Amino acid sequence: MGNRSRGEAERSTARMEGELYKGEDYKTEFQPQNYLKTYYAFDSGTIAENEVLKFNLNNLFETFSPGGMGGDILIDIGSGPTIYQLLSACEVFREIIMSDYTELNLREVDKWLKKELGAYDWSPAVQYVCELEGDRSKWQEKEARVRRTVKRLLTCDVNQPRPLGSAQVPAADCVLSLLALECACRDVDAYRAAIQNLVGLLKPGGHLVTLVALRCCEYMVGSRKFFVLSLEQETVEKALQEAGCQVLKCQYSPIKYSEAFCLNEGFCFVVARKGPGA
Ligand SMILES: C[S@@+](CC[C@H](N)C(=O)[O-])C[C@H]1O[C@@H](n2cnc3c(N)ncnc32)[C@H](O)[C@@H]1O
């Protein structure tokens, strides 16, 4: 067995047979750099993944352009190692709180916030959003604005009634959660509960913004395969309504990731408003 332990050997055999990681596994098996390389290479990456990112950035731009939604506090839930989701929102919220299930993802974000050596280069995505806003040359100002606006990095678990645990966090004007709930929830009941947990973080009248990969069952991060809950657009809308929200927008696109990385059938980008009784 050379210098590999028996445990390691068993683990790698399990992987070859297609072990599906989920839940707690995120803390040990989800490698931020592999995730970024595969899904967020943008200019130098694969066409399908670029199209998904553009769909996402275009919708975020429409949602958070000046004159649209804005306010004091935005909480991003399941941020992962990424900051692209804040490029439009940073212009219209005073304070952004980011959060993820794993410390490693938060560390990766922190590297970028502090401009540390080895931090991910988001400049192609930043330039793309600046172009949508009308001036591609302002990308460094936007990066500075994201760095100024993100005030806290917290751990979270969407499966808990209080996803941010004991952290003292004011009720939010907006909760953003992109591509995270379908990874975190083991079944539709858990998904419904997670939506309610996120709605609980909002002020009445606040907005929940979410992007869902539809009919997805798994995705790759490096050599690790992760479970994804398969969701239909109707299931997403119904969960939001049951949680006391009014669905204001549900933008469907048939685009897919590259099959080698992720099996899904389309996406929906949803904006919902928390009702007074929720
Ligand atoms: C596919 S990534 C999405 C990351 C990022 N939001 C994006 O748009 O690329 C899924 C994220 O969900 C997080 N996650 C997994 N289980 C979770 C849980 N129980 N609560 C909150 N986040 C969780 C993972 O750590 C990971 O960062």
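How many helices and how many strands does the chain have?

1. The structure under discussion is a predicted model, and its chain has 10 helices and 11 strands. The radius of gyration is 18 Å, close to the 19 Å that the globule rule gives for 278 residues, so the chain is as compact as a globular protein of that length. Measured out along its principal axes, the C-alpha trace spans about 60 × 45 × 40 Å.

2. Seven of the strands form an open sheet with mixed pairing, and the order across this sheet is β4-β3-β2-β5-β6-β11-β9. Its edge strands are β4, residues 150-155, and β9, residues 245-253, each of which pairs on one side only. From one strand to the next the twist averages 15 degrees.

3. Within this seven-stranded sheet, strand β2 (residues 71-76) pairs with strand β3 (residues 93-100) in the parallel sense, and the pairing extends over five bridges. For anyone wishing to check the register, I75 has I97 in β3 as its bridge partner.

4. Helix α4, which covers residues 47-63, lies across four strands, namely β5 (172-178), β6 (202-213), β9 and β11 (267-274), and it runs at about 25 degrees to β11. These strands belong to the seven-stranded sheet, whose order ends with β5-β6-β11-β9.

5. A further open sheet is formed by four strands in the order β1-β8-β7-β10, and here too the pairing is mixed. Strands β1 (20-21) and β10 (262-263) stand at the edges with a single partner strand each, so one side of each is left without a neighbour in the sheet.

6. The pairings in the four-stranded sheet can be followed strand by strand, starting with β1, which is joined by two bridges to strand β8 (residues 224-227) and runs parallel to it; in this pair, the bridge partner of Y21 is F226. Strands β7 and β8 run antiparallel and are joined by four bridges, with Y219 standing opposite F226 in β8. Strand β7 (residues 218-221) is also joined to β10, by two bridges and again in the antiparallel sense, and the bridge partner of Y219 in β10 is C262. F226 is therefore matched with Y21 of β1 as well as with Y219, while Y219 is matched in turn with C262.

7. The hairpin of β7 and β8 has two residues between the strands, and in it G222 takes a positive phi near 60 degrees.

8. Helix α6 (residues 123-133) and helix α7 (residues 139-149) pack at an angle of about 105 degrees, with their axes 9 Å apart, which makes α6 roughly perpendicular to α7. On the side of α6 the contact is made by S123, V126, Q127, V129 and C130, and on the side of α7 by W139, K142 and E143. Sorted by class, this contact has four nonpolar, two polar and two charged residues.

9. Which residues are the closest to the ligand? The ligand is surrounded by 20 residues, and the closest are G78, G80, Y101, A180 and A184. The shell has 10 nonpolar, eight polar and two charged residues.

Notes: Residues are numbered from 1 along each chain as its sequence is written. This is a predicted model: local features need pLDDT of at least 70, side-chain atom pairs count only at pLDDT 80 or more; totals for chains, interfaces and linings use all residues. A residue is near a molecule or strand if its C-beta atom, placed from the backbone, lies within 6 Å of it. Ala, Val, Leu, Ile, Met, Phe, Trp, Tyr, Cys and Pro count as nonpolar, Asp, Glu, Lys and Arg as charged, and the others, Gly among them, as polar. Axes are lines fitted to C-alpha atoms, for helices over the stretch in contact, and angles run from 0 to 180 degrees between N-to-C directions. Angles under 35 degrees count as roughly parallel, over 145 as roughly antiparallel, 65 to 115 as roughly perpendicular and the rest as oblique. Two residues are in contact if their C-beta atoms, placed from the backbone, lie within 7 Å. Two strands pair if DSSP finds at least two bridges between them. The radius of gyration is taken over C-alpha atoms; the globule rule is 2.2 Å times the number of residues to the power 0.38.
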